[in-house]
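Biologist: Before any label is accepted, I should like to hear the reasoning behind it. Please take the assignments one at a time.

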Amino acid sequence: MNIKPLYPFLFCLWSFISIAQEYNPLNSNYLFENGISPKILDAAASPLLQEGSFIQNLTINISGSTGTTSFETQIIYDPRYKEGKDIRFVVAKGKLSKSELKELKKAIEKSHKLSRLSRSYLYDESSLKFISDDSNEMIFGFRYSKNNVEPELKDIKKYDGKIYVIGQTLDRIELVSNEKLSGGKENFKRVVYFKKATNQGGYLVASMNESYTVRGDAYSLEYNTIDYMDTEGKRITWNDTGSAQLFAPGTSLDTVNVKLGWVLPIFGKPATKLGFGLPRPVGLNVIVHSQDDDLDFQGISVGFGASELADLSPLFDLENSEIVQTTNTYFVRPDVWIFPFLNVSAIIGRADNTVAGNFTLDQEFRQSVVDLAPFLGLDPSDIPLSLPLNIDVSANIVGGAVTLGGGVGDVFFSGTYQFIRASVKEANTTTTANAYVLLTGYRFPNNLNVFAGSMGQFYDSDVSGFFELESGDILRYNVNFIPTQWNALFGVNKGFGKHWDFMVQLGVGGRQQLTAQLGYRF
C-alpha cells in the first residue's frame, strides 16, 4: 500500500497534536503562562478599568451621506476625581459649535460608559483557548462572562476576543462583534495595543482603534495614551512613549466633565470606591406569598338595612373559637435604590382570602336553645356546639415599602416598613395594613445569602362593611379581632449573575408563612 499521498495529512495531524500538547498548561491557563494578568482583558473592555490615571489624545471621524466630521480632544481620567467614575475631556475653546460639543460628549460617554469598578475579572476563563502559534506570534481566543458584567458594559458579552503575543510580550487584543450593540452600533471592532511599563512592570493601554457604524454613519475613534501615573501619582513610562501634545502652546482650552453610569443611587459612586458592593439600582420582583393566621375575635355585630347593629358577642365563646385566615397573595414590586442604604418600592397585586373555622356557642346560650328546642319543634341533639364559618373573599392590593440596609464585611442587616391598602369587593370594605420586617444575615460565596429575623403585621382589627343578600336586603356587619402580630422568619437568597435573584422565606410562630420571590435588576 502506498501511503505517500497521506504524508501531508499525517504531518498536519501530528503538528496539531504537538501544538495542542505544547500549549495546554497544567494547573494554569494561557494568560498566566505568558505573564498576562486577567486585568489586561478588563482594560481591553474599558480603559477606565486600568489602575492609576492617564491622558489620551482622541481623534473621532464620523462619515455619513453629508460628508466627514472630525473631532480632536484629550481624555483625562483620574480615579481621584469624582470618585473615579467620571471623566473629563479637553477641546480648544471656540473650535467646536454647541451641537458639535454635545455630539462629542455623547460619543465619549458611549465609548466609556461605566458606573462602578468591577470587583472581579470580566472574562470567562472556560472560554480561553489556543488558536495558533505562527513563528514568533501566538494567538489565544476568549470571551467575556455572560453574568459577571456591569450593565454599562453589557455589550462586551457579544465580543469575540483575540490575544496576540509576539516574542513572549503582549502586543494587542482585538475585540469584534457581528451582533448589534447598544446605541445601534454594528460592525464593531476594537484593537487595543499594549506596552510594558519600563520602570515598574506590567502592561498599559498605549493606544486603541475602534470602528463601528450607526444607522449608516461610520465612526472611527483613535486613542493614544500620552501620560500615565500610578495610584500614588508616580509617572509611568514605557517603550516608545508618545509625548506629542494635541494642542499648540498657548491654545485656550475648555474642559468638559462627562458623567458616566447611573445617577442612582445617590452617593453610590463614593460608596463603591470605599469597597461596598452595590446591587443594580432598579429592580422588578414577582412575589408569591401564602400565610395562615390565627384570628382572635373580640366582637361581632350585625344589622339589617339602616337598623342599629346588634352585638352578637354574648352568644359566642369567642375566646375558645378557632378561626384561621388563609391568604394567598400575588404581586409585583418595582423598586429603586435612592441611596446605597435606602430602597423604596411599590406594591401592586391581588390577594385571595379564606376565613374558616368555628364560632363556639356560649355555653349558657346554647343550653337556653336546647331547653327551648322541644317548643320550637327541634331535636335538642341537633343544636351544635359551634357554628361553622367559611368565607372566601378577594382583594386588590396597592402599597409601598421603604428599606434601610447596610452591612459589615459579609454580615448584612435591613429593616423594612410596608404599607398596604386592600379593597375587598365582596365585603364592600377597605382595610389597611402596616408590616415591619427586621433581618440579619450572612453572604456566602457564589451570591448565596442566608438570613433570619422577624415580621410584625398590624392591620385594621375593626372591620365594617355590608353584604347584599339575594332577597335584596342589606346585611351590615362589624367584626373586631386581634391577629398574630410577630413571628420569626428564615430564608435564603441566591443571585444568578448580576441580573437575576431568587428568594425563599419561611415564617413560623402564630402566623405560618411561605414566600417566593423572583427578581430582575437593571
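Modeller: Glu-137, Asp-171, Arg-172 and Glu-174 are linked in a network of salt bridges. Please bear in mind that this is a predicted model.

Biologist: What makes the pair of Arg-172 and Glu-137 a salt bridge?

Modeller: The closest N and O atoms of Arg-172 and Glu-137 are 4.0 Å apart. The criterion is a side-chain nitrogen of Lys or Arg within 4 Å of a carboxyl oxygen of Asp or Glu, so the pair is counted. Arg-172 lies in strand β7 and Glu-137 in strand β5 (residues 137-142), so this salt bridge ties together parts that are 35 residues apart in sequence.

Biologist: Why is Arg-172 called buried, and what is Glu-137 called?

Modeller: Arg-172 has a relative accessible area of 15%; buried means under 20%, so Arg-172 is buried. Glu-137 has 23%, which lies between the limits of 20% and 50%, and therefore Glu-137 is partly exposed.

Biologist: How do you know that Arg-172 forms a salt bridge with Glu-174?

Modeller: Here the closest N and O atoms are 3.3 Å apart, and the limit is 4 Å, so the pair qualifies. Glu-174 is buried, as is Arg-172.

Biologist: Which other salt bridge can be put to this test, and how many are found in the whole structure?

Modeller: Asp-227 forms one with Arg-235, the closest N and O atoms being 2.7 Å apart; with the cut-off at 4 Å, the label therefore holds. Asp-227 is buried at a relative accessible area of 16%, whereas Arg-235 is partly exposed at 46%. The search of the whole structure finds 10 salt bridges. Side chains of opposite charge can pair when their charged atoms come close.

Biologist: Asp-227 is also among the residues that Ser-53 touches. Where is Ser-53, and why is Ser-53 called buried?

Modeller: Ser-53 lies in strand β1 (residues 53-64). Its relative accessible area is 5%, and buried means under 20%, so Ser-53 is buried. Not counting residues up to four places away in sequence, Ser-53 touches Tyr-77, Asp-78, Pro-79, Arg-80, Asp-227, Tyr-228 and Met-229.

Biologist: What makes Leu-58 buried, and which residues is Leu-58 in contact with?

Modeller: Leu-58, also found in strand β1, has 1% relative accessibility; the limit is 20%, so Leu-58 counts as buried. Leaving aside neighbours within four places in sequence, Leu-58 is in contact with Phe-71, Glu-72, Thr-73, Ile-75, Ile-108, Leu-221, Glu-222 and Tyr-223. The C-alpha atoms of Leu-58 and Thr-73 are separated by 5.3 Å, although these residues are 15 residues apart along the chain.

Biologist: Let us turn to the surface. Why is Lys-180 called exposed, and where is Lys-180 found?

Modeller: Lys-180 has 52% relative accessibility; exposed means over 50%, so Lys-180 counts as exposed. Lys-180 is found in the loop between β7 (169-177) and β8 (185-196).

Biologist: Which residues gather with Lys-180 in a patch of positive charge?

Modeller: The patch on the surface holds Lys-102, Lys-106, Lys-110 and Arg-215 together with Lys-180.

Biologist: Finally, what can be stated for the protein chain as a whole?

Modeller: The protein chain has six helices and 24 strands, and of its 522 residues, 40% count as buried. Residues 24 or more positions apart account for 61% of the contacts with a separation of 6 or more. The accessible surface comes to about 28200 Å², and 56% of that belongs to carbon and sulfur atoms.

Terms used: Residues numbered from 1 in each chain as written. Predicted model: local features only at pLDDT ≥ 70, side-chain atom pairs only at ≥ 80, totals over all residues. Heavy atoms only, no water. Helix = DSSP H or I, 4+ residues; strand = E, 2+ residues; numbered from the N terminus. Buried < 20%, exposed > 50% of the residue type's maximum accessible area, 1.4 Å probe, protein only. Contact = heavy atoms within 4.5 Å. Areas by Shrake-Rupley, 256 points an atom, 1.4 Å probe, with all protein chains shown as cover. Patch = residues over 30% accessible without salt bridge, like charges linked within 9 Å, V, L, I, M, F, W, Y side chains within 5 Å. Lys, Arg positive; Asp, Glu negative; His and termini not counted. Charge placed at Lys NZ, Arg CZ, Asp CG, Glu CD.
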